[in-house]
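Biologist: I should like to learn how to read the strands, the cores and the helices of a model. Could we take them in turn?

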Amino acid sequence: MTSSQPAPPPPASGARGSAPTSVLDLAPVIPVVVVQDAADAVPLARALVDGGLPAIEVTLRTPAALDAIRAVADGVPDAIVGAGTVTRPEHVAAAVAAGAQFLVSPGWTPALLDAMRESGVPFLPGVSTTSEVVALLERGVTDMKFFPAEAAGGTAYLKSLAGPLPQARFCPTGGIGVATAPSYLALPNVACVGGSWMLPEAEVRAGAWDRVEALAREAAALATAR
Ligand code: 3PG
């Protein structure tokens with residue numbers, strides 16, 4: 001820990017009280033959504049929730065993202081909507097103001113971590129190297145996103161981390177699909193997986209929400225089968 005750390009870290013990565021303290025405990029599969037048109041947000045979220053995937057990460061990668069988060073927070077009360085691709089401290093307040101109930105970043109800096117910590121909602125900072133994991137553990141954060149999972153070493157890399165750093169828990173995302181998700185979910189240090197495989201671009205563009213719901217159901221079944 002550096003002397004600039006404002007306060008001792010909370011015991012887990014995120015919020016307090018009886019609400020889930022960690023993004024990792026929200027759901028075993030977290031869909032990662034890139035919303036091009038905010039008008040798609042509610043039917044898309046409805047399809048995911050009806051398919052059994054209630055925790056939804058809307059990435060801050062498009063101009064429609066904050067409106068999409070707002071629309072889901074207002075219009076799909078049984079969804080747990082969060083913001084992903086949180087890469088700058090100022091994203092945190094904007095996302096929470098829009099209704100984000102959790103925050104996910106692909107990587108972290110001390111300033112971004114401080115902002116996420118102060119947000120009051122569960123957060124998941126991203127790592128792809130051992131040193132980044134160690135630096136988060138040093139700051140009292142045990143729960144992390146492993147990104148980009150497939151490109152950064154996949155299940156073999158995560159398996160290798162479990163020996164020296166058993167206290168770290170991960171949500172791998174990036175390049176994971178329906179065929180590979182089970183091998184991640186089988187690892188002792190993996191609590192959930194994230195991905196966009198249940199949201200094929202063509203289906204979303206066509207508004208094929210029944211198809212999205214079917215893919216969500218298939219993804220949710222992977223988790224119950226583990
Ligand atoms: C993410 O931001 O977590 C990833 O882009 C999701 O990865 P995928 O689109 O390869 O599933």
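Modeller: We may begin with one pair: V127 stands opposite F146 in strand 7. Please note that this is a predicted model, in which local features need pLDDT of at least 70, side-chain atom pairs count only at pLDDT 80 or more, and totals for chains, interfaces and linings use all residues. Residues are numbered from 1 along each chain as its sequence is written, and side-chain values use heavy atoms, with hydrogens and water left out.

Biologist: How many bridges join strand 6 to strand 7?

Modeller: Strands (E, at least two residues) and helices (H or I, at least four) are DSSP runs, numbered from the N terminus. Two strands pair if DSSP finds at least two bridges between them. Here 2 bridges join strand 6 to strand 7 (residues 143-146), and the two run parallel. The open sheet has 3 strands in the order 6-7-8. Strand 6 (126-127) and strand 8 (169-172) each have a single partner strand, so one side of each lacks a neighbour in the sheet.

Biologist: Which residues of helix 2 are buried?

Modeller: An α-helix has 3.6 residues a turn, so residues three or four places apart point the same way. In helix 2 (residues 65-75), A65, A68, I69 and V72 are buried, that is, under 20% relative accessible area (1.4 Å probe, protein chains only). These residues cover an arc of only 100 degrees around the axis (taken from the directions from the helix axis to the C-beta atoms), which puts them on the same side of helix 2.

Biologist: What do the buried residues of helix 2 pack against?

Modeller: They pack against helix 1 (41-50), strand 2 (55-59), strand 3 (80-84) and helix 3 (89-98), where contact means heavy atoms within 4.5 Å.

Technical notes:
Buried means under 20% relative accessible area, exposed over 50%, partly exposed in between (1.4 Å probe, protein chains only).
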